Amino acid sequence: MEEAVVNVKKAAGRAVAAVRQEQCTGCGICVSVCPVPCIEIVDSGMNFTGTASVIKELCTGCNFCAIDCPWEAIVMLHPDGSEKRLDRYGKQVKKLRGYA
Ligand code: SF4
Ligand code: SF4
């Protein structure tokens, strides 16, 4: 089975990453930490560097990008559109990074 198909099945029913475009600086940290990878920086009218864009079909919901985004520009969204908050571990890592 192809990797992309496996990831789509894994992502079904769980929260996946979504970018708040208006808060994204295009710094690219999320691109660096995504293990799939399924985030890219795309041209955007929001700033000069572009903004992050998630390929939702490939996102495994691992949460790394949401933890490591310094600007809180990535949220994890459940299939019903509700937000999945960071767990205790995620909050601690964010604090260690100096983001919170
Ligand atoms: S880490 Fe955050 S601010 Fe930087 S490109 Fe990704 S979403 Fe945008
Ligand atoms: S949640 Fe994980 S797999 Fe999905 S975009 Fe973020 S880092 Fe990549």
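Me: Before I start, what does "in contact" mean for two residues here?
Reply: Two residues are in contact if their C-beta atoms, placed from the backbone, lie within 7 Å. The model is a predicted one.

Me: OK, so with which residues is C65 in contact, leaving aside its neighbours within four places in sequence?
Reply: C65 touches A17, C30, V33, C34, I39 and I74 by that criterion.

Me: Which residues have the most contacts inside the largest nonpolar core?
Reply: They are A17, C30, I39, C65, A66, C69 and I74. The core itself has 18 residues.

Me: And which helices and strands supply at least two residues of this core each?
Reply: β1 (16-19), α3 (64-68) and β4 (74-77) each do. As background, nonpolar side chains in soluble globular proteins tend to be buried together.

Me: How much of the protein chain is buried?
Reply: Buried residues are 19% of its 100 residues.

Me: Switching to ligands. Which residues come nearest to ligand 2?
Reply: Of the 14 residues around ligand 2, the nearest are A17, C34, C59, C62 and C65. A17 and C65 also appear among the core residues with the most contacts.

Me: What classes of residue are in that shell around ligand 2?
Reply: There are 11 nonpolar and three polar residues, and no charged ones.

Me: And ligand 1, which residues are nearest there?
Reply: C24, C27, C30, A52 and C69 come nearest, out of 13 residues around ligand 1. By class, that shell has 10 nonpolar, three polar and no charged residues.

Me: Back to the fold. How many helices and strands does the protein chain have?
Reply: It has four helices and five strands. Along the sequence they follow the pattern α-β-α-β-β-α-β-β-α.

Me: In what order do the strands of the open sheet come?
Reply: Three strands form the open sheet, in the order β1-β4-β5, with antiparallel pairing. β1 and β5 are the edge strands, since each pairs on one side only.

Me: What about β4 and β5, over how many bridges do they pair?
Reply: They pair over two bridges, in the antiparallel sense. M76 stands opposite K84 in β5.

Me: Next, D87. Where is it found?
Reply: D87 is in the loop between β5 (83-84) and α4 (88-97).

Me: Is D87 buried or exposed, and why?
Reply: D87 is exposed because 10 other C-beta atoms lie within 10 Å, and the cut-off for exposed is 12 or fewer.

Me: How far apart are the C-alpha atoms of D87 and N63?
Reply: They are separated by 9.9 Å, although the two residues are 24 residues apart along the chain.

Note on methods
Residues numbered from 1 in each chain as written. Chains lettered and ligands numbered in written order. Predicted model: local features only at pLDDT ≥ 70, side-chain atom pairs only at ≥ 80, totals over all residues. Near = placed C-beta within 6 Å. Nonpolar A, V, L, I, M, F, W, Y, C, P; charged D, E, K, R; others polar. Core = buried A, V, L, I, M, F, W, Y, C linked by C-beta atoms within 7 Å. Buried ≥ 20, exposed ≤ 12 C-beta atoms within 10 Å, placed from the backbone. Pairing = 2+ DSSP bridges.
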